[in-house]
Amino acid sequence: MPRRSDGAGHESRSLSTLLSARIGQVRPSPSIAAKARVDALRAAGRAIIDFTLGEPDFATPSHIVEGGIAALRDGQTRYTGSAGTPALRQAIARKLQRENGLAYRSDEIVVGPGAKTLIFNAFAATLDEGDEVVVPAPYWVSYPDMVRLNGGVPVIAPSDAAGGFKLTPAALEAALGPRTRWLVLNTPNNPSGAVYSRQELEGLCAVLRLHPHVWVLTDEIYEHFTYGGARHLSPLNVAPDLASRTLVVNGVSKAYAMTGWRIGYAAGPMALMRGLTLLASQTTTCASAMSQAAAVVALDGPQDCVDAGRRLFEERRDHIVRLLDAIPGIDCAAPDGAFYVFPSVAGLLGRTTPDGTVLASDLEVMRWLLDDAGVAVIDGDSYGLPGHLRLSFATGLAQIEAGCAAIREAVARLR
Ligand SMILES: Cc1ncc(COP(=O)(O)O)c(C=O)c1O
């Protein structure tokens, strides 16, 4: 008897049951949803000041763009190997040595269409049903959903403003169990801007040494954006002995304003690299050839563009922190890294808006700011820490000033 094709099986599904149970657990990305709301309001003619952007607001440096164009002219328009081009993997190996003091061979490096894809694939390659992944809160919104999509269970480890939004060794210890597969560390952190110090990383790594079955996924995509005296360190800088169970994830999106080029990379033990390559070979095939060539130019070329971006963000950080923290009911500490502030709005909760709504949660504060002040922000609840808002300062100083003034005026209208 001929085997029924998968397609025949799906034909009998009604539209309401079209989507799998697995996808039913996934929440839409709040930053992408926020962008859609902003776009819809703008299309309807409203002026919105947008603090939701998760990407540098400046253009990819021209020498990198030229590198991409040259690659196209040179005929680099075909599939590449699923792990990435040898040229890019070698450039990444040089970068990891030069900037991070980490020694990887190019065959211990895999390139993919964005760090996001590589994190997803790392979970897909390693999680079995019910395996746990420790995700410290506040977290980048995608981690828990990526874990769920791959049959895993996100275990949220709390932190608070008093502790600088950092995972403590005690909170890590409490979150670990026999089914823990991964700890996800993100420094500098989206959304809090927290940057882990050497001592803090040493404390966490000491706990990890007691749990040899736990792997570390270290997401270092904001590494270049640190301010004041803070400097980025990878957990492997303080605990090189954990290299055999660590996956370093990074990319060119944020450092070189290349979000739309979609190039990320991961470095780690060979067995895991083989898993990631296999997954790519059956899903995306490879990252864009042209973008990979441009990423070589970004990593091997002059780095002053990265520091120029860092200095610009630092100036904006100082501005937005000063303006927000001066608003009664908003408490905004200066983040050490990334390009977000994560102020507490606990002081606004319980207040009443002019139309009679009581602001009961950060979600309502977010909605009210959009309606009343024309300012788009993202609620802290989406990042696993209610009572806060996330504002991106990857936007111009004039926007920062106008947006903070609009928030201040809206707050003054609360009862
Ligand atoms: C913490 C974090 N990791 C990873 C990414 C994804 O970066 P990519 O553009 O390389 O997919 C983002 C993007 O917002 C991020 O905030």
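Q: How many bridges join E11 to strand E12?
A: This is a predicted model. Strand E12 covers residues 389-392, and E11 and E12 run antiparallel. Within this pair, aspartate 379 stands opposite leucine 389 in E12. The number of bridges joining E11 to E12 is two.

Q: Which strands stand at the edges of the open sheet, each with a single partner strand?
A: Three strands form the sheet, with antiparallel pairing, in the order E9-E12-E11. A strand with a single partner has one side without a neighbour in the sheet, so the edges are held by E9 (340-341) and E11 (378-379).
The strands asked for are E9 and E11.

Q: In which pocket does the ligand sit, and how much of its exposed area does the protein bury?
A: The ligand has polar partners, including lysine 254, where a polar side-chain atom lies 2.6 Å from a ligand oxygen atom. Taken alone, the ligand exposes 400 Å². The ligand sits in the largest pocket, and the protein buries 93% of that exposed area.

Q: Which residue has a backbone N or O atom 3.0 Å from an oxygen atom of the ligand?
A: A polar contact needs a pair of N or O atoms within 3.5 Å. In the side chain of asparagine 190, an N or O atom is 2.8 Å from a ligand oxygen atom. The backbone atom at 3.0 Å from a ligand oxygen belongs to lysine 116.

Q: How many charged residues does the shell around the ligand have?
A: There are 13 residues around the ligand, and those that come nearest are Ala115, Asp219, Tyr222, Ser253 and Lys254. By class, the shell has five nonpolar and four polar residues. The number of charged residues in the shell is four.

Q: What is omega for the cis peptide bond from asparagine 190 to proline 191?
A: Proline 191 is found in the loop between strand E5 (180-186) and helix H9 (198-209). Asparagine 190 also has a side-chain N or O atom 2.8 Å from an oxygen atom of the ligand. For the cis bond from asparagine 190 to proline 191, omega is near 20°.

Q: Which residue does a cis peptide bond join to alanine 137?
A: The bond has an omega of about 0°. The partner lies in the loop between strand E3 (132-136) and helix H7 (142-149). This residue is proline 138.

Q: What is the phi of alanine 257?
A: Alanine 257 has its place in the loop between strand E7 (246-251) and strand E8 (264-267). Although alanine 257 is not a glycine, its phi is positive, at about 50°.

Key
Residues are numbered from 1 along each chain as its sequence is written. This is a predicted model: local features need pLDDT of at least 70, side-chain atom pairs count only at pLDDT 80 or more; totals for chains, interfaces and linings use all residues. Side-chain values use heavy atoms; hydrogens and water are left out. A residue is near a molecule or strand if one of its heavy atoms lies within 4 Å of it. A polar contact is a pair of N or O atoms within 3.5 Å; within protein, one must be able to donate a hydrogen and the other to accept it, and residues adjacent in sequence count only if both atoms are side-chain atoms. Accessible areas come from the Shrake-Rupley method with a 1.4 Å probe; for residues, only the protein chains shown count as cover. On a 1 Å grid over the protein atoms alone, a cavity is a set of points where a 1.4 Å probe fits but cannot get out, and a pocket is an open set with protein on both sides within 12 Å along at least five of seven lines; lining residues have an atom within 4 Å of a point. A molecule sits in a cavity or pocket if more than half of its atoms lie within 2 Å of its grid points. Ala, Val, Leu, Ile, Met, Phe, Trp, Tyr, Cys and Pro count as nonpolar, Asp, Glu, Lys and Arg as charged, and the others, Gly among them, as polar. Two strands pair if DSSP finds at least two bridges between them. Helices (H or I, at least four residues) and strands (E, at least two) are DSSP runs, numbered from the N terminus.
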